[in-house]
Amino acid sequence: MELKEKLVSSFLAFEAEVDTTNDIHDIRTEAIKSFEKYGFPTKKLEAWKYTSLNSVLKNDFSLFPKKEAVIEFKDVKQYFISDLDSYKIVFIDGVYSSHLSGTTHDKIDVCLMSSALTQDRFKAVIDVYYNKIAKEDGLVSLNTAYAREGAYIYIPKNTAADKPIQIIHFATGLEQASMLQPRNLIVAEDNTEVTIIERHQNLSDKKVFTNSVTEIYTGKNAHVDYYKIQNDTDTATLIDNTFAEQHSNSLCSVHTFAFGGEITRNNLNFFQKGQGIDSILNGVTILEGKAHVDHNTLVEHQQPNCESHQDYKGIFDEKSTGVFNGKIIVDQEAQKTNAFQSNNNILLSDKATVNSKPQLEIFADDVKCSHGCTIGQLDESALFYMRSRGIAPKEAKALLMYAFANNVLETVKVPQLKTRINKIIAKKLGVNLGFDL
Amino acid sequence: MSKFTEDDLKKELETKEYEYGFYTDIESDTFPIGLSEEVVVAISKKKNEPQWMTDWRVDAFRIWSEMEEPEWANVKYSKPDFQAISYYSAPKKADPNKTLDDVDPELLATFEKLGISLDEQKKLSGVAVDVVVDSVSVATTFKKTLNEKGIIFCSISEAIQEHPELVKKYIGSIVPKTDNFYAALNSAVFTDGSFCYIPKGVKCPMELSTYFRINQGGTGQFERTLLVADKGSYVSYLEGCTAPSRDENQLHAAVVELIAMDDAEIKYSTVQNWFPGDKEGKGGVFNFVTKRGLCETNAKISWTQVETGSAVTWKYPSCILKGANSVGEFYSIAVTNNYQQADTGTKMVHLGKNSKSTIISKGISAGKSQNSYRGLVQISPRAENARNFSQCDSLLMGNECGAHTFPYIEAKNKSAIIEHEATTSKIGEDQIFYCNQRGIDTEKAIALIVNGFSKEVLNKLPMEFAVEAQKLLEISLEGSVG
């Protein structure tokens, strides 16, 4: 049976299994109808021109985990940023793991979506914010229909989260192929601040297909800093759908560090609904093997005097593929917009591919918009310069790659995270440069 | 001097009629409307074509009838009814053995109005003109001079009669019948166009020129241009287009094929000024054109276009850089005003080693128009050391228009170097103020600034065209102060 039919027909069974309120039931029912209508995206869709899910969808995914896996902290310690004092929300095969998590909170809510969707005290927030900006397409609707668990973070007015929040999803491979549909909601009210680090990790060599949806609201003067670490195994596929709605003078930044995975697709959608807003979308992609990463971004400027900055750096070796598909829309009212988009790529192998499509759609005249895209190689003369000074070729190359990605790396505001990312890169490149950038 | 206000400009723009909007009353030999296999065969018969050509057309028609009209372009329009178009319209007095004196004097007067008096051009500018009015080539000048060099420059129907071996070999080799909806339609029903063959090692001594007009109401224009530059040759080809103003939308679906063999160079310049519709967005020409060139080793193709007309433009002059060291260039200015829509750009397909391409695209949008750049740069795995540079700049005037950029960049070779940049901006008030201060009125100032903005492309046009293009830019943008 095809996956789509299987998902549609299993929906009733799923609904029977979860505790559901009427409102959420209605949202889910609408969503499964919408999924039935759109189905999985194919290469015929313009937005999916360079990424095909066919190889993933042919797996026979189990939709409901039958047993619960237990993992010990010492086995997965390496995936945490342990030296960072943080809240931790940990999921194992889509189920919340209380013994790995640490969510004791004060003033702010760091909770679970399963509680938020069912308990009355969250109803006021859920009514206003849940499933409001996630656009209707096949994958997002599928998530909405099957969403039951994920992180729910609520920062009330005039509060700053006292420490960063780590959200970690582990897949243990109990089933031959499993499908996960995490759903996160982050609401940062006016004058708030929060930092979030998200990671998906497959612990086995079984197939995992994660279709995640995150909705972020940034109120007036709110600052949300979101980091995504994507350094998964080559059997893990991740579709990350993130939607951010921003209000006046807010800052929302999403940093994506894509270092591996069978197929990784990031759909970032930013909607600016006030003035004086800044949106930052940064990414570093370093791939080898057959990994495929597709960054698909949309920033819609709806009001005047806003800014957006996109900076994506990619380094591709072996048979890896990188896609950048960025879109900036400037609405007619959005005068005095400054929107920038830059995508730089380095190809290290003849089998590697880069497809880039930076797009501008501009309907206002008093704007400054630009985009740039380059594809090239490491500078031979720079390599020679370093080699003539006794730096080995591998280290010299690594140094150049660090320098290439540095613009983005230096925007990481959490020092422990920065160190971690540098270590991941060093490990990937097989070098030990012995310094922190 | 009283201040020239925005309102004055607006008024002037509104009263500004399409300058070339007149209709010449020539008795035309027009087919009844509608399209079927019989019509295709009839066109072929009418033109006395050999059997292979008829078969080719019928084949194209069958392919076309199974195709669907593309919708991906960033333009909105009501689709033309292909059964409501007459597919053949020839001025009645056309005669294959005509000389300039035989041409209908009324038609000559039309050209006079367009400013391309044949006599004058013949004498003064040394440009050979192959004039197409409503699909049939009326007069080909300078044929003898060209003949001496072995250059063939004639209408495509003549070429089918006289040089069938060349036409048969090359037609459809660059833009196959199956390429796209409009190319298939064109292959089935094309009525005329130009054919040009430059023999080995010959540098064409003069610029070849074609002028297209759509004259008859309710007729589509489907011309086909085939240009073959043999090894080591050079040719510069000019193409200009205008159409009288009419209420209903007219369809123009042309195909241009260029073949540049080893070491050859083709320079293809277009000034397109089809009727853009009136200020309400009523009428205007649908311009759906497929243009493509093939570059063999060391060959070079350069497309230069100034697009100021048409209600809807859908056009991507492309280069297939097949040979090593081949060069493709694309220089474009697209101006849209009122309700015009343009979706234009280029494709550079790098197949050969050390192939190079340059794309400079300048889009200017005013009024309520939409202007899109859509381009593809593709580096195949074998294209070692391929190099591309693209620059797309957009200028917006007024806050009701839109400028869009859709570049596609696909690299499959590690030695490729690709750069793409795009900017969007408006004419600075300080720039206009500076000009006003020095006694240049606002409208002139805008023309000046736009000319500066477009200079990189205007510079690439041959002399005669550059002057015309500058004038066109001014006319198209009158009264669109932002």
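**Figure 1. Contacts across chain B of the predicted model.** In chain B, residues 24 or more positions apart account for 84% of the contacts that have a separation of 6 or more. Chain B has 482 residues, of which 56% count as buried. Its secondary structure comprises twelve helices and 24 strands.

**Figure 2. Helix α11 of chain B and its bend at B:G452.** Helix α11 of chain B covers residues 442-458. At B:G452 the helix bends by about 40°. The buried residues of α11(B) are B:I446, B:A447, B:V450, B:F453, B:S454, B:V457 and B:L458.

**Figure 3. Strand β7 of chain A and its buried residues.** Strand β7 of chain A, residues 183-188, is mostly covered, with six of its six residues buried. The side chains can be viewed as two sets: A:R183, A:L185 and A:V187 point one way from β7(A), while A:N184, A:I186 and A:A188 point the other way. The residues of both sets are all buried.

**Figure 4. Pairing of β7(A) with strand β4 of chain A.** Strand β4 of chain A is formed by residues 151-155. Four bridges join β4 to β7(A), and the two strands run parallel. Within this view, A:I153 stands opposite A:I186 of β7(A), and A:I186 is itself buried.

**Figure 5. Pairing of β7(A) with strand β9 of chain A.** Strand β9 of chain A spans residues 207-218. Six bridges join β7(A) to β9, and these strands also run parallel. Among the residues to locate here is A:L185, whose bridge partner in β9(A) is A:E215. A:L185 points the same way from β7(A) as A:R183 and A:V187.

Terms used. Residues numbered from 1 in each chain as written. Chains lettered and ligands numbered in written order. Predicted model: local features only at pLDDT ≥ 70, side-chain atom pairs only at ≥ 80, totals over all residues. Bend = angle between axes of the 7 residues up to and from the residue. Buried ≥ 20, exposed ≤ 12 C-beta atoms within 10 Å, placed from the backbone. Contact = placed C-beta atoms within 7 Å. Pairing = 2+ DSSP bridges.
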